[in-house]
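Biologist: Before we discuss this fold, I would like each term set against its definition, so please show me the model.

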Amino acid sequence: MLNFEKIYVYPKSIIKKGILPDTYFLGKYRFSPYQACGHACKYCDGRAEKYYVEGNFEKDIRIRKNAPDLLVKELTSLREIAPIRISSGISDAYQPLEKTEKLTLRCAEVLSEYTLPVGILTKSSLILRDIDIWQKIHQKSNFTLMVSLTFLDEKKRKIFEPHASPVEERLLTLQEFKKRKMVCGALMMPLIPQITDTNKYMIKLIEIFCDLKVDFIMPGYLTLRPGKQKEDFIQIIKNYYPEKLDFINHLYSNNRFSGNPLYSYRQQINKQFKETFAHLPIPTQYPHHLYKGQFPIYDEIFILLVHMMELYQSSGIPISPLKKSFAKYKNWLESEKKIFNRKRSMTQKDLENKLITIIQDNKLVEIIENQKLTSFIYQIIINHKVFDYQTRKLI
Ligand code: SF4
């Protein structure tokens, strides 16, 4: 029986929104019914001081009791239709307390009354309890399930993710959501140095995900921010893998605020990702054909440009012209959004139409100073083409 300190809180607002979309988890809005996490993953970024989570991260769980009511109020006043993501790097919406609190379930019921695309990242099979509601949302506006899994054996999983769902249950969860034709992604992160980051281990995991026919697999290495997160993780290595302690200490010896390991390791692991995925028919980012139509077109272009830079960079293709044009597009978009936020009478359609007119009048080239990219964006927006991340062709 797990013991938690339940702390009921009543925040004034729940939905967070950035000026620009999150290009990683593909969302524009996000919220968490809980703060802190009973899954107690030993590498969790949420342990870092940066997030100001008070108390014992694994046990003192803040329960945002009024989340469903706040959602009703805030969803009604959103001015742009775009995906909303549930959970954050510092809590899981289906952590153990959800079984009895049913707060995420109530939030799901609220969301099912609206038409926003929704996505969840979880390590728990408890989400299966609510699969009918997520399917209802998917039929209306799209639902994406992202499951994070880097362990194949229960022994390791129990050491690093003691209260998250067992490996088999997480795979079964993906299978059930796939059966109902919802979008599913596997997050193969964080790969633990010398424990799960070996080629053999990665290939085995990828094979399993491919058999499940997930829509994308996102690999990622471990980051350890100096302070509590790093201390907690190192303690686990000391207890269970003392022979790896020197190596791991060396990898994170720079104590970067970002938690990044040494550059040489990042280079090596990125090369490994590239080689491993090179011949596989599966994207390592949320693919364009799945998010097209979910975001306002101005955000779609922003996401696409970021993904293209990542794709080309990981393949060793020079990206400086693309990077320059991207910076110009980003400046344009940020200043347009400032106007949008000030002028409450302006709608998403107004800003979309503005961009369409700019493209049709051949004025985009004056903003991004790149003829080739201008033509590319014309194909995406005016001719409704999709950029295939694997072949790198328009389809
Ligand atoms: S499930 Fe996610 S948020 Fe919860 S402890 Fe694990 S990594 Fe952190």
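**Helix, sheet and core**

Biologist: How do you know that the length of helix H8 agrees with what its residues should span?

Modeller: Helix H8 is a DSSP run (H or I, at least four residues; strands are E, at least two), and an expected span is 1.5 Å times one less than the number of residues. The 13 residues of H8 (residues 228–240) should therefore span 18 Å, and the end C-alpha atoms are 18 Å apart, which agrees. This is a predicted model, in which local features need pLDDT of at least 70 and side-chain atom pairs count only at pLDDT 80 or more, while totals for chains, interfaces and linings use all residues. Residues are numbered from 1 along each chain as its sequence is written, and side-chain values use heavy atoms, leaving out hydrogens and water.

Biologist: What makes S2 and S10 edge strands?

Modeller: Two strands pair if DSSP finds at least two bridges between them, and the open sheet has the order S2-S3-S6-S7-S8-S9-S10 with mixed pairing. Strand S2 (16–22) and strand S10 (216–221) each have a single partner strand, so one side of each is left without a neighbour in the sheet.

Biologist: How do you know that S9 pairs with S10?

Modeller: Five bridges join strand S9 (residues 183–191) to S10, and the two run parallel; in S10, Tyr221 is the bridge partner of Leu191.

Biologist: Which helices do the buried residues of H8 pack against?

Modeller: Buried means under 20% relative accessible area (exposed over 50%, partly exposed in between; 1.4 Å probe, protein chains only), and in H8 the buried residues include Phe233, Ile234 and Ile237. With contact taken as heavy atoms within 4.5 Å, the buried residues of H8 pack against helix H5 (154–160) and helix H9 (245–251).
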